[in-house]
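Trainee: Could you take one part of this model and walk me through it slowly? I'd like to see how the pieces hang together rather than get a list.

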Amino acid sequence: MQLVIGRIGRPHGLRGDVSVEVRTDDPERRFAPGTAVATDPASAGPLVIESRRWHSGVLLVRFEGVNDRNRAEELRGTTLVIDSADIPPSDDPDEFYDHQLIGLAVVTPGGERVGEVSDVLHHGQDLLVVRRGGAEVYVPFVKALVPVVDLDEGLLVVDGPAGLLDPDEIA
């Protein structure tokens, strides 16, 4: 499975630098000079990072072989990806990558299967999107509501108030 680590934005200057919308928690490692990065579409890469620098809170990257603004503009909108197998497991037992959660069965504390995690949203608070039948419900991903995540068993327990997993209660 491929994971997005960034998206190439506008060119910066005339020598091929591009802005990158960072979507990784480790930009220093993912965008280190000399690193080859896969792309989506695949035909745009792989791209090898020649240099990187921060400018006014924006990551600017120069890729090998991209030496002018026109070539940089051709890369605009390209997604930068890595293989999920290249990510080491976290040392924190309560920290999970999105790809580990998507597809997990959602069960009640009593063991009743009530759905499946279809997505994870990051909008100030992490939300699990639980597909239940033909509907989707949103569950805040906090220990009080999701006390158990068992990757080996492929499930997570949602222990919330009545109606939390009921799509009919969504306004």
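Mentor: Let's look closely at the strands, starting with the N-terminal part and then moving on to the open sheet.

Keep in mind that this is a predicted model. The UniProt record, an unreviewed entry, puts the feature "domain: RimM N-terminal" at residues 4–85. That span is 12% helix and 49% strand, and its end C-alpha atoms lie 13 Å apart.

A handy way in is Ser19, which sits in strand 2, residues 17–22. Across from Ser19, over in strand 5, stands Leu60. The two strands involved, strand 2 and strand 5, pair antiparallel over 3 bridges. Is Ser19 buried or exposed? Its relative accessibility is 17%, so Ser19 counts as buried. Look at what surrounds Ser19 once you skip its neighbours within four places in sequence: it is in contact with Arg7, Ile8, Gly9 and Arg10, and also with Val58, Leu59 and Leu60.

Now follow strand 5 to its other partner in this story. Strand 4 runs antiparallel to strand 5, and 6 bridges join them. One of the facing pairs is Trp54 with Leu59, the latter in strand 5. Strand 4 and strand 5 make a hairpin with 2 residues between the strands, and there Ser56 takes a positive phi near 55 degrees.

So what gets packed around these strands? The largest nonpolar core holds 19 residues, and Phe63 and Leu80 have the most contacts inside it. Strand 1 (2–12), strand 2, strand 4 (47–55), strand 5 (58–63) and strand 6 each give two or more residues to this core. Leu80 is worth clicking on. Sequence neighbours within four places aside, Leu80 is in contact with Leu3, Val4, Ile5, Gly6 and Ile8, with Val20, Phe31, Val37, Ala38 and Thr39, and with Leu47 and Phe63. There is also a second, separate core of 16 residues, and among its members are Leu104, Val117, Val120 and Leu145.

Before leaving this part, check the loop between strand 5 and helix 2 (69–74), where you'll find Asp68. With a relative accessibility of 36%, Asp68 counts as partly exposed. Asp68 and Leu14 are 54 residues apart in sequence, yet their C-alpha atoms are 5.5 Å apart in space. Neighbours within four places in sequence left out, Asp68 is in contact with Leu14, Arg15 and Gly16.

Now for the open sheet. It is formed by 6 strands in the order 10-9-8-7-12-11, with mixed pairing. Strand 10 and strand 11 stand at the edges with a single partner strand each, so one side of each has no neighbour in the sheet. On average, neighbouring strands here are turned by 35 degrees against each other, ignoring direction.

Walk through that order one pairing at a time. Strand 8 and strand 9 (residues 125–132) run antiparallel and are joined by 7 bridges. Val117 faces Val130 of strand 9, and you've met Val117 already as a member of the second core. Next, strand 8 (residues 113–123) pairs antiparallel with strand 7 over 3 bridges. In that pairing Val106 stands opposite Gly115 of strand 8. The hairpin of strand 7 and strand 8 has 5 residues between the strands, and Gly111 takes a positive phi near 95 degrees there.

Then comes a parallel pairing. Strand 7 (residues 105–107) and strand 12 (residues 155–157) pair in the parallel sense over 3 bridges. Val107 stands opposite Val157 in strand 12.

One last detail concerns the aromatic rings. The count comes to 1 aromatic pair. Phe96 and Phe141 form it, with ring centres 6.3 Å apart and 55 degrees between the planes, a tilted arrangement. This pair links distant parts of the chain, 45 residues apart: Phe96 is in the loop between strand 6 (79–83) and helix 3 (98–101), while Phe141 is in the loop between strand 10 (135–140) and strand 11 (148–150). Phe96 counts as buried because its relative accessibility is 19%, and the cut-off for buried is under 20%.

Technical notes. Residues numbered from 1 in each chain as written. Predicted model: local features only at pLDDT ≥ 70, side-chain atom pairs only at ≥ 80, totals over all residues. Heavy atoms only, no water. Phe/Tyr/Trp six-rings, centres within 6.5 Å; stacked < 30°, edge-to-face > 60°. Helix = DSSP H or I, 4+ residues; strand = E, 2+ residues; numbered from the N terminus. Buried < 20%, exposed > 50% of the residue type's maximum accessible area, 1.4 Å probe, protein only. Contact = heavy atoms within 4.5 Å. Core = buried A, V, L, I, M, F, W, Y, C linked by side-chain atoms within 4.5 Å. Pairing = 2+ DSSP bridges. Axes fitted to C-alpha atoms, helices over the stretch in contact; angles between N-to-C directions. UniProt positions renumbered as here; feature names shortened; annotations may be inferred.
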